[in-house]
Amino acid sequence: MIDKDLEGLTELAKEVKEENIKYFKRLKKRVPKRLDLVVREIHEEEFERTDCLTCGNCCKTTSPMFTHKDIERIAKHLKMKVADFITQYLKIDEDDFHVLKTAPCSFLDERDNSCFIYDVRPKACSEYPHTNRKKFIQLADITVKNTEICPATYRIMEELKKRLPSS
Ligand code: SF4
Ligand code: SF4
């Protein structure tokens, strides 16, 4: 079984992209005090229903940022030298961050969308799609982008516009 919105996600996200950009633009003019609370509630409800193992799209299409701590932890777990781990798996992106060389992620088991290094995965992976973060308004741009990758983020945004309309 795959996530119900994954197949048509590109089209779905494209249809609401402008609307989402405008929504955040209006919201930024006067950020509601309850914004973080409401998004967090929606996030929790969404991930009670959503099983990421039926999707895996973030691991298949984008790369997390690997911090130095992430790299040290994962290299240790894999019994590799830090330098060898970097050479084998990572490159530097245009913002000077370490990211994966390849997509899908080398650590994704594509048979069931599980992660070979789940317990030591990068912090960015454990926090994705960041819809339960404080000061959510600061993540407006990345959230709009993530609706094209993550069906759960698409649904969270649709629900947020209903529960917290901006006018
Ligand atoms: S490290 Fe694991 S959770 Fe992170 S992108 Fe790769 S497979 Fe996904
Ligand atoms: S976080 Fe989003 S994109 Fe990643 S596996 Fe879960 S539903 Fe899919």
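This report describes helix packing, aromatic pairs, unusual backbone geometry and selected residue environments in a predicted model.

## Packing of H4 against H5

Two packed helices are described by the angle between their axes and the distance between the axes. For helix H4 (residues 68-77) and helix H5 (residues 82-89), the axes come within 9 Å and cross at roughly 100°. Because angles of 65 to 115 degrees count as roughly perpendicular, H4 and H5 are roughly perpendicular to each other. On the H4 side the contact is made by Ile71, Glu72, Ile74 and Ala75, which meet Val82, Phe85 and Ile86 in H5. Sorted by class, the residues of this contact comprise six nonpolar, no polar and one charged.

Glu72, which belongs to helix H4, takes part in this contact with H5, and its relative accessibility of 41% makes it count as partly exposed. From Glu72 to Glu11 the separation is 61 residues in sequence and 39 Å in space, taken C-alpha to C-alpha.

## Aromatic rings

A pair of aromatic rings is described by the distance of the centres and the angle of the planes. The model contains six aromatic pairs. In the pair formed by Tyr23 and Phe24, the centres are 5.6 Å apart with 65° between the planes, an edge-to-face arrangement. Tyr23 counts as buried, at 2% relative accessibility, and Phe24 likewise counts as buried, at 2% relative accessibility.

The rings of Tyr89 and Phe107 have centres 4.7 Å apart and planes at 50°, so this pair is tilted. The pair links distant parts of the chain, since Tyr89 belongs to helix H5 whereas Phe107 lies in the loop between strand S2 (98-100) and strand S3 (108-109), with their positions 18 residues apart in sequence. Both Tyr89 and Phe107 are buried. Ring pairs join these two residues with Phe66 and Phe85 into a cluster, and Phe85 is also one of the H5 residues that meet H4.

A ring also takes part in a contact of another kind at Tyr118, where the charged end of Arg121 sits over the ring, 3.8 Å from its centre.

## Backbone geometry

The table lists peptide bonds in the cis form and residues with a positive phi.

| Site | Feature | Value |
|---|---|---|
| Ala103 and Pro104 | cis peptide bond | omega about -5° |
| Tyr128 and Pro129 | cis peptide bond | omega about 5° |
| Lys79 | positive phi | near 55° |
| His130 | positive phi | about 65° |

Ala103 lies in the loop between S2 and S3, and Pro104 is placed in that loop as well; Phe107, the ring partner of Tyr89, is another residue of the loop between S2 and S3. With a relative accessible area of 51%, Ala103 is exposed. When its neighbours within four places in sequence are left aside, Ala103 is in contact with Lys60 and Thr61. Ala103 and Thr62 are 41 residues apart in sequence, and their C-alpha atoms are 6.7 Å apart in space.

The cis peptide bond between Tyr128 and Pro129 leads into the loop between helix H6 (123-127) and helix H7 (140-146), where Pro129 lies. His130 is found in the loop between H6 and H7 and has a positive phi although it is not a glycine. At 13% relative accessibility, His130 counts as buried.

Lys79, in the loop between H4 and H5, is a residue other than glycine with a positive phi. With 77% relative accessibility, Lys79 counts as exposed. The loop that holds Lys79 thus lies between the helices whose crossing is roughly perpendicular.

## The surroundings of Thr54

Thr54 is placed in the loop between helix H2 (35-49) and helix H3 (57-61), and a relative accessible area of 13% means that Thr54 is buried. Neighbours within four places in sequence aside, Thr54 is in contact with Met1, Ile2, Asp3 and Asn113. The C-alpha atoms of Thr54 and Arg26, by contrast, are separated by 34 Å, with the residues 28 apart along the chain.

Key: Residues are numbered from 1 along each chain as its sequence is written. Chains are lettered from A and ligands numbered from 1 in the order in which they are written. This is a predicted model: local features need pLDDT of at least 70, side-chain atom pairs count only at pLDDT 80 or more; totals for chains, interfaces and linings use all residues. Side-chain values use heavy atoms; hydrogens and water are left out. Axes are lines fitted to C-alpha atoms, for helices over the stretch in contact, and angles run from 0 to 180 degrees between N-to-C directions. Helices (H or I, at least four residues) and strands (E, at least two) are DSSP runs, numbered from the N terminus. Angles under 35 degrees count as roughly parallel, over 145 as roughly antiparallel, 65 to 115 as roughly perpendicular and the rest as oblique. Contact means heavy atoms within 4.5 Å. Ala, Val, Leu, Ile, Met, Phe, Trp, Tyr, Cys and Pro count as nonpolar, Asp, Glu, Lys and Arg as charged, and the others, Gly among them, as polar. Rings of Phe, Tyr and Trp (its six-membered ring) pair if their centres lie within 6.5 Å; planes under 30 degrees apart count as stacked, over 60 as edge-to-face and the rest as tilted. Buried means under 20% relative accessible area, exposed over 50%, partly exposed in between (1.4 Å probe, protein chains only). A charge sits over a ring if NZ of Lys or CZ of Arg is within 6 Å of the ring centre and within 35 degrees of the ring normal.
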